[in-house]
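Welcome! Here is a friendly first tour for anyone who has not met this protein model before. Take a look at the sequence and the fold, then read on.

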Amino acid sequence: GGTYNETTIDFGLVNVTPSIYVSATQADSIQAFNSSTGLYSGSLVPAFGTSLSQGNADYGDVPYGMEQGPDGNWYVAHYGASNLRKISPTGTDLGPVLDNSTTSMSLVTQFAIGPDGNFYVFDVNGGRIVRFQGPTGAVPGKPIGASAPFTFITQTGVEDMNFGPDGNLYLVVQTNDTREVRRYSTTTGALLNTIVTDIQLMAMVPGGQSIALISGIDIEGSTLYGVNRSDGEVFSVDLSAPAAPGLPQLIATLSSAGKGEVDTRDIEFNPSNNKLYIAGYSWGKPVNAGSYNSGALISVDITGAPNGAVNVFEVPIPRPPGPNFEIWSGPRDLAIGRPFAPLPDSVAIGSLVCNDDNANGIQDLGEQGVAGVTVQLKNTSGTVLNTTTTDAEGNYLFDVAVGSYQVTFLTPSGFLVTGK
């Protein structure tokens, strides 16, 4: 899945909250949500594909998996077209990406962009993974391989895919007799080993369903996060040694929120707040008279594992009905990216106040920050605009509009100001 990265430098911080982007199949749209509140922000793409697939029985002209490319554009699986569509950061559809004229692709649900920058695409009816040059390749969308049909990995029943800390491809496989996560070589396409099985997930919390169905995974650092939709259990697997992974560990149980049953799909980790977000394809939302079917966006706080806090937010269907008159949005895939709404020009001013033991005007190794120092933010005329105090490590920060400012300090008793 997509991840969110915000590069910062001293005196150039941008304090932003990333958005959660949801591929809503029944709503035929890509929706945006605030990652802090879980609330709907609007539609990045209000009508996906070549036509508005609502009420016209066209189940194929809808979005499935989505990723943000290294070029800043979004790439979305166009299910019935057996292709990917390129979407600009502002939601403009830039057309199909893959040259699948010789690959015999038939229905595309999932794909991933590898560490090599290439597309790894799952061909549903072909039961295989096909590689294409990625967004920054010499010929983006060109098949990779010696000859047609360019099969790289033969594997049916792929529900989700991601790349691990070792650079290899991790596939969620669900067939009649196999329900597990497998690791494949991105060099040869060979199966390397199994990461986690349904048997292991059933043993993690005894007493659940007779099978475990993994609906999605995400990998952050050396940790794989996943969700077992059979029992609504969110889990992690240690990938420090991918050839010998750890046993699954429970993070949270979705039913603990007391908000009804949710049929889950994709899962994504948000490094900006250490929460997992899960697509709830179908949610039996409790109401006074019972329940009704809706879509959901779920957040899980991993810091409380194995009893992580769970919140369930409704994913609306802005323009009902769905392709076959569905009355819920059908969230399938998630990605985390820059905020949906344009940001005003803003900056942050901050630094560290330290105990300059040798009075040389710079912070040397071992010199600690000073807590509780009053810091004033002034305009160029000397008027105080804001006041704060340094934290336990001596840090301070002001969020301000672009402009010219002064920062002054009220010297604590027993200290002198040093500088160079």
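What follows is a short briefing, grouped by topic. Please keep in mind that this is a predicted model. The tour visits an open sheet of 4 strands, strand β1 with its partners β24 and β2, the aromatic rings, a cavity of about 40 Å³, and a few backbone details.

**An open sheet**

- Strands of a sheet are held to one another through backbone hydrogen bonds, in a parallel or an antiparallel manner.
- Here, 4 strands line up as β20-β21-β22-β23 to make an open sheet, and their pairing is antiparallel.
- The edges belong to β20 (262–270) and β23 (310–315); each has a single partner strand, so one side of each has no neighbour in the sheet.
- On average, and ignoring direction, neighbouring strands of this sheet are turned by 30° against each other.
- Inside the order, β21 (residues 275–287) and β22 (residues 290–301) are joined by 11 bridges in the antiparallel sense.
- If you want to find this pairing on screen, look for P286, which stands opposite S291 in β22.

**Strand β1 and its partners**

- How many residues of strand β1 (residues 19–24) are buried? The count is 6 of 6, so the strand is mostly covered.
- Both faces of β1 are covered: S19, Y21 and S23 are buried on one side, and I20, V22 and A24 are buried on the other.
- β1 pairs with β24 (residues 331–337) in the antiparallel sense over 6 bridges, and G337 in β24 is the bridge partner of S19.
- β1 also pairs with β2 (residues 29–34), again antiparallel and over 6 bridges; here A24 has S29 in β2 as its bridge partner.
- The hairpin of β1 and β2 has 4 residues between the strands, and D28 in this hairpin takes a positive phi near 55°.

**Aromatic rings**

- Two numbers describe a pair of aromatic rings: the distance of the centres and the angle of the planes.
- The model holds 12 aromatic pairs.
- One of them is F33 with Y40, an edge-to-face pair at 5.6 Å centre to centre with 65° between the planes.
- The two partners sit in unlike surroundings: F33 has 0% relative accessibility and counts as buried, whereas Y40 has a relative accessible area of 35% and is partly exposed.
- F111 and F119 also form an edge-to-face pair, because their planes stand at 65°, with the ring centres 6.3 Å apart.
- F111 is buried at a relative accessible area of 2%, and F119 is buried at 1%.
- Y59, Y64 and Y79 gather in one aromatic cluster.
- A ring can also meet a charge: the charged end of R131 sits over the ring of F152, 3.9 Å from its centre.

**A cavity inside**

- Empty space is found by rolling a probe the size of a water molecule over the atoms.
- The count comes to 1 cavity of 30 Å³ or more, and the volume of the largest cavity is about 40 Å³.
- Its lining has 11 residues; E67, Q110, F111, D160 and D333 are those nearest the centre of the cavity.
- Which elements give two or more residues to the lining? They are β4 (63–68), β8 (108–113), β12 (158–163) and β20.
- The largest share of the lining, 3 residues, comes from β4.
- F111 appears twice in this tour, as a ring partner of F119 and as a residue of the cavity lining.

**Backbone details**

- Most peptide bonds are trans, and most residues other than glycine have a negative phi.
- The peptide bond from A148 to P149 is cis, with omega near 10°, and P149 lies in the loop between β10 (128–132) and β11 (151–154).
- The bond from A305 to P306 is cis too, with omega near 5°; P306 belongs to the loop between β22 and β23.
- S104 has a positive phi near 60° and lies in the loop between β7 (93–96) and β8.
- L107 has a positive phi near 75° and is found in the loop between β7 and β8.
- Is each of these buried or exposed? S104 counts as exposed at 56% relative accessibility, while L107 is buried at 15%.

Note on methods: Residues numbered from 1 in each chain as written. Predicted model: local features only at pLDDT ≥ 70, side-chain atom pairs only at ≥ 80, totals over all residues. Heavy atoms only, no water. Pairing = 2+ DSSP bridges. Axes fitted to C-alpha atoms, helices over the stretch in contact; angles between N-to-C directions. Phe/Tyr/Trp six-rings, centres within 6.5 Å; stacked < 30°, edge-to-face > 60°. Buried < 20%, exposed > 50% of the residue type's maximum accessible area, 1.4 Å probe, protein only. Lys NZ or Arg CZ within 6 Å of the ring centre and 35° of its normal. 1 Å grid on protein atoms, 1.4 Å probe; cavity = no way out; pocket = protein on both sides within 12 Å on 5 of 7 lines; lining within 4 Å. Points joined across faces, edges and corners; volume = space filled by probe spheres on them.
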